[in-house]
Amino acid sequence: SSVDKIDSSGIGILVAVMWSSSRAGGGLVLASIPPRVEKILDIAMLLDHIDHAESVEDALAMLGRMEV
């Protein structure tokens, strides 16, 4: 589904999911981030810490390559 905006609550959820998935040995990859959301994530310096891909297919491929 598409998300065209994000606020501090959404950022908090992303950080919690990233942390939880990492501790469980999994991963998080955001796919097809809209420019407006990407700008906010960049300002919050989260794009350096959350994997992201241009498409869902690329994100699934990235998840498949992550070590468990």
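This is a short tour of the structure, stop by stop, with something to select at each one. Bear in mind that the model is predicted.

**Stop 1: the core**

Start inside. Select Ile6, Ile11, Leu14, Leu28, Leu30 and Ile33. Then add Val37, Leu41, Leu46, Leu47 and Ile50. Together these 11 residues form the largest nonpolar core. Now color helix 1 (8-23) and helix 2, since each of them supplies at least two residues of this core. Such a grouping fits a broad trend: in soluble globular proteins, nonpolar side chains tend to be buried together.

**Stop 2: the loop after strand 1**

Next, find strand 1 (29-31) and follow the chain toward helix 2. The loop between strand 1 and helix 2 holds serine 32. Proline 34 lies in that loop too.

Select serine 32. What is the sign of phi in serine 32? Phi is positive there, near 50°, and serine 32 is not a glycine. Most residues other than glycine have a negative phi. Serine 32 has a relative accessible area of 42%. That lies between 20% and 50%, so serine 32 counts as partly exposed.

Move on to proline 34. Is proline 34 buried or partly exposed? Its relative accessible area is 22%. Buried would require a value under 20%, so proline 34 is partly exposed. Now draw a distance from the C-alpha of proline 34 to the C-alpha of leucine 46. The gap is 15 Å in space, and 12 residues in sequence.

**Stop 3: the loop after helix 2**

Go to the loop between helix 2 and strand 2 (51-53), and select methionine 45. Methionine 45 has a positive phi as well, about 60°, although it is not a glycine. How accessible is methionine 45? The relative accessibility is 56%. Over 50% counts as exposed, so methionine 45 is exposed.

**Stop 4: the negative patch**

Turn to the surface. Select Glu38, Asp42, Asp48, Glu54, Glu57 and Asp58. These residues gather in a patch of negative charge. Which elements give two or more residues to the patch? They are helix 2 (35-43) and helix 3 (56-65).

Pick one residue from each helix. Glutamate 38 is found in helix 2. With 33% relative accessibility, glutamate 38 is partly exposed. Glutamate 57 lies in helix 3. Its relative accessible area is 58%, so glutamate 57 counts as exposed.

Stay with glutamate 38 and draw a line to histidine 49, C-alpha to C-alpha. They are 13 Å apart in space and 11 residues apart in sequence.

**Stop 5: the nonpolar patch**

For the last stop, select Val56, Leu60 and Leu63. They make a nonpolar surface patch of about 260 Å².

Look at valine 56, which lies in helix 3. Valine 56 is partly exposed, at 47% relative accessibility. Then click leucine 63, also placed in helix 3. Leucine 63 is partly exposed, with a relative accessible area of 36%.

Finish with one more distance. Join the C-alpha atoms of valine 56 and lysine 39. They are separated by 19 Å, and the two residues stand 17 residues apart along the chain.

Definitions and conventions. Residues numbered from 1 in each chain as written. Predicted model: local features only at pLDDT ≥ 70, side-chain atom pairs only at ≥ 80, totals over all residues. Heavy atoms only, no water. Patch = residues over 30% accessible without salt bridge, like charges linked within 9 Å, V, L, I, M, F, W, Y side chains within 5 Å. Areas by Shrake-Rupley, 256 points an atom, 1.4 Å probe, with all protein chains shown as cover. Salt bridge = Lys/Arg side-chain N within 4 Å of Asp/Glu carboxyl O. Lys, Arg positive; Asp, Glu negative; His and termini not counted. Charge placed at Lys NZ, Arg CZ, Asp CG, Glu CD. Helix = DSSP H or I, 4+ residues; strand = E, 2+ residues; numbered from the N terminus. Buried < 20%, exposed > 50% of the residue type's maximum accessible area, 1.4 Å probe, protein only. Core = buried A, V, L, I, M, F, W, Y, C linked by side-chain atoms within 4.5 Å.
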